[in-house]
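These are my notebook entries on a structure that was new to me. I set down what I looked up, one topic at a time.

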Amino acid sequence: MKRQFQTKYGYFTEDGREYVVTRPDTPRPWVNVICPTEYGTVVSQAGSGYSWMTHATFNRLTRWEQDLLRDGWGKWLYCRDRDSGRSWSLAWQPVRARPARYECRHGIGYTTIRSLHSGIESEHTVFVPPDEPLEIWRVRLTNRTRRARRLDLFTCLEWNLGPAPDTHREFHRLFIETEWSPRDHALVATKRLNTIAERGRGQPWNVEWPHAAFHACSARPAGHESDKERFLGIHRDYAGPVALERRRLSGSTGKWLDAIAALQVAVDLAPGETKELAFTLGLGDDRAAALRLARRYHDLRAVDAAWERMRAYWDALLAPLEVHTPDAGFDLLTNTWLKYQTMSSRIFGRTGYFQPGGAWGFRDQLQDSQVFLPLAPERTKRQIRLHAAHQFQDGTTWHWWHPLTGEGAKKKYNDDLLWLPFVTLNYLRETGDFAFLDERIPYLAPDGKPSRERGTLYEHCRRAIDTFWSRLSPRGVPRMGAGDWNDGLSAIGLKLKSESVWLAHFLIGILEDWAGLEERLPRPHARTIAKYRREAAKMRRSVNRHFWDGDWYVRATKDDGEVIGSKRCRDGRIYLNAQTWAILHDVVPKARLPRMLRAMERHLYRRYGPLLLWPAYRTPDAGIGYLTRYAPGSRENGGLYTHAGTWAIQAECKLGRREHAWRLYRSFSPVERGREPDLYKVEPYVTPGNVDGPDSPNFGRGGWTWYTGSSAWLFRVGTEWLLGVRPTWDGLRVEPCLPPGWKGFTMKRAFRGSVYRITVRSGGARREVLVDGRRQATDVIPAFADGREHTVLVRL
Ligand code: GLC
């Protein structure tokens, strides 16, 4: 198998579907976030990580602390040689004994760690079936020596059972109870106190954790342990627990422990012999359900079947869109990793090492759900429905809210609500499912509980947009509120006096897009169409009159009227979003464009990606918000904020500036950046939320991987703008923005019930589009909606 993009830490497999880490000591944890629906686990290349159900912070099964340098919390697997007394861990953590060979394969829905220690080869695969709340660790041990080996496998994990981090551990441990069920080869753990009331059942702080957790083995364990002190010993750590020096685990269970789950299984191997077994960790609604699950996986054939279901599940989700281009890195990101990152980490799991998370962000997961548009648009629909039901009667929305408790935070970010019509428009353009606009969805009452009032999705969207008629400044642009898309501008408009130029750009596009949609409805509302177009035009004029700074648009005004993102500022002189969205939503007049582009190239387009703003704020500004409090060059304060970086690519594509678009893309593609792993540090297979900018001494260092809104956008911009295959109201437009030198590409794309096999060839004498062999009058491919495959040939 050919290795791709190999560095001293690892490589992508030939098909791009696995990243193989070849040594455990990567410069940061290189993890896999595995969450097919509600149960999930994160596994690092060192074998560390955590597990949760539904909410990675409120319902964490196992203990973990955020320490990205030590990466020392996890669920451990030890092996001990009963004859020599030597022991090691199957993964690098927690013993960190030097393995003779080591490999960690992160794949779609699973991670496999292989190692060789003392002549024992081990392979253990962690995966989560798509339809049951548990994870399976399939372990295979092979004796590579010429003598018989008598081994013990030990597992160990610490129960958390509820909200994390459990800072007051001495308090919480008093409520956990463990039990051994010999028939089921399982330890069960329950907790008599939960500080939250899951799904409204009971009263917080006076209610049981509403699950039973279990840890079990397919083989009959020779020992088990629930007491941390007995396993670890006092003043010890997991690199050398006292249990490994004792013949057998003590078998303690009960209510008076510091609760862990540890199993001991004897594995004797003749020379060359291989044995396999499986451990499970998961939970059920009650003890009986937990034990049923534990028992099911005593049989390794059930493990095989779960593995097959898991593979089929992810394959089906990822398959509908596939590209083949001359850029291998682009292909493996687009075909596999960006989709997987978005679904597994952003939507299903909502967690990552850099941000344990767990809540739904109103704007965040709506944007993320756009990844499903060409893959499984009914899932975007589900997300729209969920978010619409978290809109208040006055049109505003939660900023984020928690599953399990339903609690939310209101915060005054004035853009949140607009993402509902924005994503709805994109959903409708993809599917033509206008009937969805008639679906009735409840609003939230002012107290945050579902109200009795329902409105159609159409009304929800209109209500979001129409709130702005009372939120415009005297100069006719939207008030900012706490901030807008840029969360870090958190204090700029608390008095509701500040003005946001980006929000004006954003709203202008939505008003015009909505007017276009309205015209296609069975009963178009003529006054709305006229009003939205008129207001958009007015706002565009206002932005251009008041907020053009000579070479670029300023970003905003503060509550006190002071301008940010202007030449007059010392720090934060120019902001990216105020320029890119002026292009995306046609705000910038032609005559101003060249100056603006020059300014962007000069100040913002840097070696490792377009900066969110420049220069970074050096001192905190209480009139702007926490953005200015970050160290200069970090996150929103003058680094690459990858999410916004993708919009710069889109803007360049819109202008047809091919070289710029691709230069930007390559400047922050994780595959490209991963070629310098000691500088970049983070995983090369998923996008980072940010990369340090030039005002940081760590210019070029990536951070905040996995849990970032950039993955869905990079997927979308890559397929719809770089490759240029994007839905319009009337069909699929093919308008590629290819880098010079490309001969073309192919794309398989599902669209409104048909599958299109698109081949694009560049360098032809004239532009033409052939569908099933017939020349088209336009470059929009019609929607056949016939359940068939169609071939499309585009000559550029
Ligand atoms: C974070 C937030 C997101 C916001 C972005 C930019 O990623 O989750 O909602 O748009 O930061 O500030």
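Entry 1: a small sheet. I began with strands E27 and E28, the latter covering residues 556-557, and found that they pair in the antiparallel sense over two bridges. I note here that the model I am reading is a predicted one. Within this pair, I located Glu-499 opposite Thr-557 of E28. I then traced the sheet to which the strands belong: an open sheet of three strands, in the order E27-E28-E29, with antiparallel pairing. Which are the edge strands? I recorded E27 (499-500) and E29 (563-564), since each of them pairs on one side only.

Entry 2: strand E13 and its partners. I turned next to E13, which spans residues 134-143. Is this strand mostly covered or mostly uncovered? I found it mostly covered, with nine of its ten residues buried. For the cut-off, I took buried to mean under 20% relative accessible area.

I looked up the pairing of E13 with E12 (residues 120-127), and it is antiparallel, with eight bridges. The two strands form a hairpin, and six residues lie between them. As one position in this pairing, I noted Glu-121, which stands opposite Thr-142 in E13.

I then followed E13 to strand E20, residues 274-284. How many bridges join these two strands? I recorded nine, and the strands run antiparallel. Which residue in E20 is the bridge partner of Arg-138? I found Ala-278 there.

A general remark belongs beside this entry: in a regular strand, side chains alternate between the two faces of the sheet.

Entry 3: the ligand. I listed the residues around the ligand as Arg-363, Asp-364, Trp-485, Asn-486, Asp-487, Glu-636 and Tyr-641. Sorted by character, this shell holds four charged residues, two nonpolar and one polar.

I then looked up distances to oxygen atoms of the ligand. For Arg-363, a polar side-chain atom lies 2.6 Å from such an oxygen. For Asp-364, the distance from a polar side-chain atom to a ligand oxygen is 2.4 Å. At Trp-485 the contact is made by the backbone: one of its polar backbone atoms is 2.6 Å from an oxygen atom of the ligand.

How much of the ligand's exposed area does the protein bury? Taken alone, the ligand exposes 310 Å², and I recorded that the protein buries 85% of that.

Key. Residues numbered from 1 in each chain as written. Predicted model: local features only at pLDDT ≥ 70, side-chain atom pairs only at ≥ 80, totals over all residues. Heavy atoms only, no water. Near = heavy atom within 4 Å. Polar contact = N/O pair within 3.5 Å; in protein donor to acceptor, adjacent residues only side chain to side chain. Areas by Shrake-Rupley, 256 points an atom, 1.4 Å probe, with all protein chains shown as cover. Nonpolar A, V, L, I, M, F, W, Y, C, P; charged D, E, K, R; others polar. Buried < 20%, exposed > 50% of the residue type's maximum accessible area, 1.4 Å probe, protein only. Helix = DSSP H or I, 4+ residues; strand = E, 2+ residues; numbered from the N terminus. Pairing = 2+ DSSP bridges.
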